[in-house]
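Biologist: I should like a close look at one part of this protein, namely its aromatic residues and the core around them. Please set that part in the context of the whole fold.

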Amino acid sequence: MSWLPNLQTETPEEGYQLAIKLSRMAVKLTQPDEDARNKMRPGYASNYDSLIAVSHVVAVNFQTVSQANNYWR
């Protein structure tokens with residue numbers, strides 16, 4: 001079974017949570033080594049540029065989910 005059967009959600013809040021999951025899965029699939037991800041986390045967790053970049057990625061994914069669910073209509 002796929003972890004992402006579709007982009008449909010019941011509410012915008014669920015859509016936002018899906019956008020976060022999409023973002024996190026992209027990192028996990030790009031760097032599948034959990035130990036490596038854990039070692040890198042302190043470096044970006046306290047870096048404001050990295051946190052802003054994460055927010056941007058989530059926003060782009062939320063825009064995609066929003067369009068799939070016609071939230072703006």
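**The aromatic cluster and its surroundings**

Modeller: Leaving aside its neighbours within four places in sequence, Ser66 is in contact with Tyr71 and Trp72. Ser66 is placed in helix 3, and in this predicted model it counts as buried because its relative accessibility is 1%, where buried means under 20%. Tyr71, one of the two contacts of Ser66, leads directly to the part you ask about.

The structure contains 2 aromatic pairs. In one of them, the ring centres of Tyr16 and Phe62 are 5.5 Å apart and the planes stand at 75 degrees, so this pair is edge-to-face. Since Tyr16 belongs to helix 1 and Phe62 to helix 3, the pair ties together parts that are 46 residues apart in sequence. In the pair of Phe62 and Tyr71, the ring centres lie 6.2 Å apart with the planes at 40 degrees, so that pair is tilted. Through these ring pairs, Tyr16, Phe62 and Tyr71 are linked into a cluster.

The members of the cluster may also be described by their exposure. Tyr16 counts as partly exposed, with a relative accessibility of 40%. Phe62 has a relative accessible area of 17% and is therefore buried, the limit being under 20%. Tyr71 is buried, as is Phe62.

Phe62 and Tyr71 also belong to the largest nonpolar core, which has 7 residues; the others are Leu18, Ala19, Leu22, Val58 and Val65. Helix 1 and helix 3 are the elements that give two or more residues to this core. Ala19 shows how the core is joined: apart from its neighbours within four places in sequence, it is in contact with Val58, Asn61, Phe62 and Val65. Phe62 thus appears in the core, in the contacts of Ala19 and in the ring cluster.

As to the whole fold, the protein has 3 helices and 0 strands, and its elements run α-α-α from the N terminus on. The C-alpha trace spans about 40 × 30 × 15 Å along its principal axes. Of the 73 residues in the protein, 22% are buried. Among contacts with a separation of 6 or more, 57% are between residues 24 or more positions apart.

Helix 1 also contributes to the largest pocket, whose volume is about 640 Å³. The elements giving two or more residues to the lining of that pocket are helix 1 (12-30), helix 2 (34-45) and helix 3 (48-69). Helix 1 supplies the largest share of the lining, 8 residues. There are 18 lining residues, and those nearest the centre of the pocket are Ser23, Arg24, Val27, Arg41 and Tyr44. By type, the lining divides into 8 nonpolar, 4 polar and 6 charged residues.

Helix 2 also holds Pro42, a residue that is exposed because its relative accessible area is 54%, where exposed means over 50%. The C-alpha atoms of Pro42 and Glu14 are separated by 28 Å, and the two residues are 28 residues apart along the chain.

Notes
Residues are numbered from 1 along each chain as its sequence is written. This is a predicted model: local features need pLDDT of at least 70, side-chain atom pairs count only at pLDDT 80 or more; totals for chains, interfaces and linings use all residues. Side-chain values use heavy atoms; hydrogens and water are left out. On a 1 Å grid over the protein atoms alone, a cavity is a set of points where a 1.4 Å probe fits but cannot get out, and a pocket is an open set with protein on both sides within 12 Å along at least five of seven lines; lining residues have an atom within 4 Å of a point. Grid points are joined across faces, edges and corners, and a volume is the space filled by probe spheres set on the points. Helices (H or I, at least four residues) and strands (E, at least two) are DSSP runs, numbered from the N terminus. Ala, Val, Leu, Ile, Met, Phe, Trp, Tyr, Cys and Pro count as nonpolar, Asp, Glu, Lys and Arg as charged, and the others, Gly among them, as polar. A nonpolar core is a set of buried Ala, Val, Leu, Ile, Met, Phe, Trp, Tyr and Cys residues joined through side-chain atoms within 4.5 Å. Buried means under 20% relative accessible area, exposed over 50%, partly exposed in between (1.4 Å probe, protein chains only). Contact means heavy atoms within 4.5 Å. Rings of Phe, Tyr and Trp (its six-membered ring) pair if their centres lie within 6.5 Å; planes under 30 degrees apart count as stacked, over 60 as edge-to-face and the rest as tilted.
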